[in-house]
Amino acid sequence: MEEREVIDRCLKGDTDSFSFLVTKYKKLVYSIALRFLNDPYLAEDITQEVFFKAYRKLILYDSNMKFSAWIGRITHNTCIDSIRKTRNYKIVDSEDTVIEDYDEPTDELVIKKERKEWIEEQIRKLEPGYKTPLLLFHQGGLSYEEIARSMNVPLSIVKNRIYRARKMLKERMTEYYGEV
Amino acid sequence: MHVKERDVVSYLENSLTDKKQKSMDKHFSVCALCRSKLRTWKTLYDTIETLDFDFKLNGLEDKVLRKIKTQAEKEFEKHVAPKLSASNLVFFLLLIFTASVFFTPVIDIVNKITQHSGNLMLNQGLRWLNEVKWHAIDFIGKIQAAEISFLFLSAGIMLMVGGVYLYIGNKPFQKLLKN
């Protein structure tokens, strides 16, 4: 089923069709929310909230924009609102929410896990304005143009923010692990 | 000359022209410093790619749909099927009363018509027509004597009182008063 068709159905009152979009984008939304809120339970609540908001605002969705870009912006705004309300920045171990691949050798797995934890922490530390575009690019698979359109900022700003985010991460990585 | 950091990023993302991409390939093959830069950036990209994405979010669809449906039901109750509150009841009673004041002369005539519908033969019919005529004259007379305007005035006052009562009964207005 095409996304456009699903959206049309939802707009005609077929609420159940919306589950298609939830299934398709829940990981992206949750991924952004988790990196903002550092709490898997809160991130899940925010994910629900984001989809609820998206459903209610579906009439405003511009089909020239990718749905992932649109929902990414809603997630970004909802997370910022939530942080403002709760001022919650605690770090919670989210191990139990992730599917691990246990077929790899243990030492490699340990290194990989350690590096993954490190990058998770660094991403969490990024400013929201850097974090969301970076996640939309790497996890949402969106282009710079799509991110710029969804966040309603010029393309140059998005490129610059993503570049600066990566540069910060690269510097921290070099500092932490030494020259690779 | 060494490769700029931004160009390394563009190289990794394959967003350079073929010519530039090839020239950078060539440079990396001879320059150890730039090769090291490329390796660091590549490691960063690979590390970002390890970020968790395959989350278990079982049943999220049901939760979202339940929330949407519950909210829709609440809104339906609020906007489409309002509960019969005391203020609403008073308002509707006032409306009915006002309507009956407005239409009493008409209702009278309709009553006469229905009462006499079976006796439309000659005398009865003529008498009935005569009564209708007098009712009509009486009604026109009331309008001319501005008595009807008193009815309109009282009905208007009642509508206004009902409206104010209904408005005071509204929650947003009560909140406003509390604040």
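**A walk through a two-chain helical model**

Among contacts in chain A between residues at least 6 apart in sequence, 70% link residues that are at least 24 apart. Keep in mind as you read on that this is a predicted model. Chain A holds eight helices and zero strands, and reading from the N terminus its elements run α-α-α-α-α-α-α-α. Of its 180 residues, 37% count as buried.

A good place to look inside chain A is helix H6, which spans residues 128–138. Eight of the 11 residues of H6(A) are buried, so this helix is largely enclosed by the rest of the structure. If you would like to pick them out in your viewer, the buried residues are Tyr130(A), Lys131(A), Thr132(A), Pro133(A), Leu134(A), Leu135(A), Leu136(A) and Phe137(A).

Next, let us see how H6(A) meets H8(A). Two packed helices are described by the angle between their axes and the distance between those axes. For H6(A) and H8(A), the angle is about 95° and the axes lie 9 Å apart. Angles of 65 to 115 degrees count as roughly perpendicular, and H6(A) and H8(A) are therefore roughly perpendicular to each other. On the H6(A) side, the contact is made by Gly129(A), Tyr130(A), Pro133(A), Leu134(A) and Phe137(A). H8(A) brings Val158(A), Arg161(A), Ile162(A), Arg164(A) and Ala165(A). By class, the residues of this contact divide into seven nonpolar, one polar and two charged.

Now let us turn to where the two chains touch. The contact between them takes 36 residues from chain A and 28 residues from chain B. On the chain A side, four helices each supply at least two residues: H2 (18–37), H3 (40–56), H5 (106–125) and H8 (155–177). The largest share of that side, eight residues, comes from H2(A). In terms of class, the side of chain A that touches chain B has 14 nonpolar, 10 polar and 12 charged residues. H8(A) thus appears twice in this tour: H8(A) packs with H6(A), and H8(A) also supplies residues to the side facing chain B.

Finally, a stop in chain B. Ser154(B) sits in helix H7, which covers residues 147–168 of chain B. Is Ser154(B) buried or exposed? A residue counts as exposed if 12 or fewer other C-beta atoms lie within 10 Å of its own; Ser154(B) has 12 such neighbours, so Ser154(B) counts as exposed. Its C-alpha atom is separated by 8.5 Å from that of Thr98(B), a residue 56 residues apart from Ser154(B) along the chain.

Technical notes. Residues numbered from 1 in each chain as written. Chains lettered and ligands numbered in written order. Predicted model: local features only at pLDDT ≥ 70, side-chain atom pairs only at ≥ 80, totals over all residues. Buried ≥ 20, exposed ≤ 12 C-beta atoms within 10 Å, placed from the backbone. Contact = placed C-beta atoms within 7 Å. Nonpolar A, V, L, I, M, F, W, Y, C, P; charged D, E, K, R; others polar. Axes fitted to C-alpha atoms, helices over the stretch in contact; angles between N-to-C directions. Parallel < 35°, antiparallel > 145°, perpendicular 65-115°, else oblique.
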